[in-house]
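Reader: I'd like to walk through this model feature by feature. Could you give me the general idea each time, then the case here?

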Amino acid sequence: MIIILTGANDFLRKAELKKLVADFVAAHTDMAVERFDGDESDPARTRESIGSLPFLTARKLVILDSPGKQKTFAENIETILKEVAETTDLIIIEPKLDKRLTYYKTLKKATDFREFTDLDANGLTRWAVEYTKEQGGALAAGDARFLIDRVGLSQQLLGQELNKLLAYDPNITKATIKLLTEPAPQSTVFELLDAAFSGNAKRTMELYGEQRALKVEPHAIIAMLAWQLHILALLKTANGRSDDEIAREAKINPFVVRKTQGLARRLSLDRLKSMIQELLALDVRLKTVTIDADEALRLYLIKLAK
């Protein structure tokens, strides 16, 4: 058995590896497990382990972590796969593979190839609800979406936050989410702009204060504002394209596009251009003149809220 674990979703990829190893150890003990790191292991020793017979067990498990980093391994992958002993289960972990290379094509064709991609917001919502249920807790879909909006789209981070919330109270609610989690800076910047466009200067300043309390520097906030304005500009000039088309062409998450549409509808193209020009001018001033960055950014945000 030769299994490839790949893809950007670290959480699901690691969970699959953990399950595979646990199942093997239950049947053959951990004495039959060998692991090699692609950066540090000796290529000859790795190939010897793959091709040799197990000791005192019926089978052995060999785990190779990013072996493709070794040029000789990647170049000889077809031969190496043929060298795997019938009594050896081989797991190759490659978080990121270049689909243009022969190495990828060989692994894809000749192995049990399992790719774990990042989930979108809807997929994460369903997963969070189901995961909480499996742990003996309860989480409503609406509260799951609130948590995702608050902490971001990283499934790894979301899993950690869910475990923390479950330890506090298995019945996860919006109140406990607010109590025990910190808003991700990017999510808060979206809320900050939303408050500003709604004319809520007080809420805008509160959100800016939260950013600074999280130790996010003014220059970083400007960068995130620029990113959000970039998304808005894409939506305002989309010329009737669907959300999925915009996301695909701009190479951004569809959830981000859908989430930003509400802001875009409340904003004229002329005002957006003015906001971008003013933010650019502010950025230039901060980099060329000695001024109070906090005060300058607060004035920019208050102006947006008028």
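Author: Happy to. Let's begin with exposure: a residue is buried under 20% relative accessible area, exposed over 50%, and partly exposed in between. Keep in mind that this is a predicted model. Take R114: its relative accessible area is 23%, so R114 is partly exposed.

Reader: Which residue does R114 meet in a salt bridge?

Author: The idea is to look for a side-chain nitrogen of Lys or Arg within 4 Å of a carboxyl oxygen of Asp or Glu. Here the side chain of R114 meets that of D112, at 2.7 Å from N to O. D112 is partly exposed too, because its relative accessibility is 33%. The pair also belongs to a network of salt bridges that links E16, D112 and R114.

Reader: How many salt bridges does the count come to?

Author: By this rule, 21. Let's pick a couple more.

Reader: Okay, where do R13 and D10 lie?

Author: Both are in helix α1, three residues apart, which is about one turn of the helix. Their side chains form a salt bridge, with N and O 2.9 Å apart.

Reader: Is R13 buried or exposed?

Author: Buried, because its relative accessibility is just 7%. D10 has a relative accessible area of 32%, so D10 is partly exposed.

Reader: And what does D294 form with R212?

Author: A salt bridge, in which the closest N and O atoms are 2.9 Å apart. This pair links distant parts of the chain: D294 sits in helix α16 (residues 293–305) and R212 in helix α11 (residues 201–213), 82 residues apart. With a relative accessible area of 23%, D294 is partly exposed, and R212 counts as partly exposed at 22%.

Reader: Let's turn to a strand residue. What does T6 touch?

Author: For contacts, look for heavy atoms within 4.5 Å. Leaving out residues up to four places away in sequence, T6 touches R13, E94, P95, K96, L97, F113, R114, E115 and F116. So two residues we've met, R13 and R114, are among its contacts. T6 itself is found in strand β1 (residues 2–6), and it counts as buried because its relative accessibility is 3%.

Reader: Now a whole helix. How many residues has α8, and how far does it reach?

Author: Helix α8 (residues 155–168) has 14 residues and reaches 20 Å from its first C-alpha to its last, close to the 20 Å expected at 1.5 Å a residue.

Reader: Which residues of α8 are buried?

Author: Q155, L158, G159, E161, L162, L165 and L166. Look down the helix axis and these buried residues fall within an arc of 165°, so they line one face of α8. The face turned away from that buried side carries the exposed residues A167 and Y168.

Reader: What do the buried residues of α8 pack against?

Author: Their partners are the helices α1 (10–28), α6 (121–134), α7 (141–151) and α9 (174–180), plus the strands β6 (138–139) and β7 (171–172). You'll recognise α1, the helix that holds R13 and D10.

Reader: Last stop, the surface. Which residues make the nonpolar patch?

Author: M31, F55 and L56 make it, and its area is about 440 Å². M31 lies in the loop between α1 and β2 (33–37). M31 has a relative accessibility of 64%, so it counts as exposed.

Conventions
Residues numbered from 1 in each chain as written. Predicted model: local features only at pLDDT ≥ 70, side-chain atom pairs only at ≥ 80, totals over all residues. Heavy atoms only, no water. Helix = DSSP H or I, 4+ residues; strand = E, 2+ residues; numbered from the N terminus. Expected span 1.5 Å × (residues − 1). Buried < 20%, exposed > 50% of the residue type's maximum accessible area, 1.4 Å probe, protein only. Arc of directions from axis to C-beta. Patch = residues over 30% accessible without salt bridge, like charges linked within 9 Å, V, L, I, M, F, W, Y side chains within 5 Å. Areas by Shrake-Rupley, 256 points an atom, 1.4 Å probe, with all protein chains shown as cover.
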